[in-house]
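Biologist: Could you give me a close look at one part of this model, and tell me how it connects to its surroundings?

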Amino acid sequence: MYESEQLLPKVPLDRLMTEVQARLQAVVAARDGVHALLEAVVSIGRELDLESVLRRIVEVATDLVDCRYGALGVIGDDGQLAQFIPVGLSEDEIAHIAHWPHGRGLLGLLIKEPRSLRLDEISGHPESYGFPEGHPPMHSFLGVPIRVRDAVFGNLYLTEKNGGRDFEEQDETIVTALATAAGIAIENARLYDASRRRETWLDASAEVTQALLSGSSVDDALMLIASHARTMSSSRTAVVIAPDDDAAGLMRVLTAHGDGADGLNGLRFSAEGTLSEAVLRSGEPRVVAEIRRGVEPAPLLDRLPAGPALLVPLGAEPQVRGVLVLARQRGEHPFAGPTVRMLQAFASQAAVGLELADARKDAERHGLVDDRERIARDLHDVVVQRLFASAMSLTAAARLIDRPDVAARVERTVDDLDATIRQIRSTIFALQSSKDDVTDTLRGRLVAVVQSAGEQLGFAPGLQLIGELDNAVSDEIAEQLVPVLQESLSNVVRHAKASRAGAVVELSGGRVRVTVTDNGVGLPEVPHRSGLANLAERAARLGGTFTAGPGPDGGTVVRWDVPAGGAQSSESA
């Protein structure tokens, strides 16, 4: 027995034991790797949010092969990188990188030839393009495509295996298996994400449409559009812009929501050469991978967060009402295709709602005009004629009354009826001359002057507009009436110290008269003649008269009287 034991060679046995031990360790490592891979597959399968799934895939891959950096590049419809999700870089490192990858070099090679690629040194490959400024150095590399339903969704990139080691064949096998499971998880997340986007889009569109059709103001509806679009796209800022109605060639911010919104509302800027103008003309959305300040005319984009941006038309060519602009912070993901399509559909639906709201308001305005014309016609044909007949009857009756006091009372009643008729006629003229924008009419401008004076006086002055001022007063006289009334009320504001004031602008007997009264301190002994002289000069230039003096009950009465420029008397029945 002892002799046989002496015959066994010790050296081959030691080698055999070492090899067995190494193989056992490989089996244990393979078992641990399979367990880790199974846990990784389960962990990514738990996620439903697409962005979370994509980031989780990269995190799991870097843990499985023990490397420092990882990324997932999503390929867009144009064959370029539409989204790039890095792991292992700090926010400061990301901020110092000049730009995100565009799909060139090795990344572009994997897009063109979707198969696994393992390298010990990135710079040694002939397709290596180099890194952008500020990018940390990287050497070892492992790239694996991710397929969803036989279509390449993107590529998984891993670099810098810890300990200075190179990626091995086993690493490639594990990551390839993970990529297969990742494709299933991505498809499930995409289906969930599409369902959630559709629900969000429907809810937002319904709320905006309901707000518009229920009578909410357009400003409120635009704010709803901006806030919903910002939420739907996970943006930092949302802005709605449109051509400026008051200045050709300019665009104006109608509403803004999110970061920096207060400094954007009401902003006007030149549209020439901007992306906003291009979207407005073409009716097609534009995606900006990253806002680069000062590179091209971008007076609006330069005020937004310096990250990805999206410009979506409100409506379709040729009825584009405006542009919805969305912006994210630098380092955040660019706007992907599904998000762009969702926002384009939402913006189109919102534009339809705006059109319907405009149509409803037009119908309401037409109905209001019809009602005003009917009321004016009834007042003229029925009420005024009856009052006029009653006044004529009372005038005839007054001649038959012997008692002077009774006759005087009847005459005063007739005078009151005449004043009432004038007031009703003034109302009729106002109804008949109504326009969409009352400030364009003479009456509207006169009312605006009185309202402005009321803000300075602290009380509302009275105003009577008598006669067909909008139709029967010549343009020359009309242009003088507004500054005359404004100057007269301005004198009350500056000097009268009044608690009550009133103005009457009357067209009668072919003349226009402006009378302004107040209960103030009256004219000083040495009045300030500049304002009064200006009023007197205006009247004289038009062949009229001007007076200013004390009122019957104190205060001041200012009268400005000029020919109406051939206007017919408003006293005829």
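Modeller: Happily! Let's agree on one set of words to begin with: a residue is buried under 20% relative accessible area, exposed over 50%, and partly exposed in between, using a 1.4 Å probe and protein chains only. Please keep in mind that this is a predicted model, in which local features need pLDDT of at least 70 and side-chain atom pairs count only at pLDDT 80 or more, while totals for chains, interfaces and linings use all residues. Residues are numbered from 1 along each chain as its sequence is written, and side-chain values use heavy atoms, leaving out hydrogens and water.

My pick is strand S5, residues 151–161. Helices (H or I, at least four residues) and strands (E, at least two) are DSSP runs, numbered from the N terminus. Is S5 enclosed, or open to the outside? S5 is largely enclosed by the rest of the structure, because 9 of its 11 residues are buried.

Now for the neighbours of S5, where two strands pair if DSSP finds at least two bridges between them. Strand S4, residues 141–148, runs antiparallel to S5, and 8 bridges join them. Strand S1, residues 67–75, also pairs with S5 in the antiparallel sense, over 7 bridges. Thr-159 of S5 is a handy residue to find on your screen: Phe-141 has it as a bridge partner, and so does Tyr-69. S4 and S5 form a hairpin with 2 residues between them, and Arg-149 in that turn has a positive phi of about 55°. Within S5 itself, Glu-160 has a positive phi too, about 60°, although it is not a glycine.

Follow the chain onward from S5 and you reach a loop that leads to helix H6, residues 169–213. Glu-168 is found in this loop, and it counts as partly exposed because its relative accessible area is 48%. Another residue to look at is Leu-213, which lies in H6 and is partly exposed at 41% relative accessibility.

H6 also takes part in a salt bridge (a side-chain nitrogen of Lys or Arg within 4 Å of a carboxyl oxygen of Asp or Glu). Arg-118 and Glu-172 make this contact, with their closest N and O atoms 2.9 Å apart. Their pair ties together distant parts of the chain, since Arg-118 sits in strand S3 (residues 117–119) and Glu-172 in H6, 54 residues apart. Arg-118 is partly exposed, with a relative accessible area of 35%.

How many salt bridges does the rule find? The count comes to 13. Some stay inside one helix, as in H3 (residues 50–65), where Arg-56 and Glu-59 lie 3 residues apart, about one turn of the helix. The side chains of Glu-59 and Arg-56 meet at 3.5 Å, N to O; Glu-59 is partly exposed at 28% and Arg-56 is partly exposed at 29%. Helix H8 (residues 275–282) holds Glu-277 and Arg-281, 4 residues apart, again about one turn. The closest N and O atoms of Glu-277 and Arg-281 are 3.1 Å apart in their salt bridge, and Arg-281 counts as exposed because its relative accessibility is 60%. Elsewhere, salt bridges that share partners join Arg-511, Arg-513 and Asp-561 into one network.
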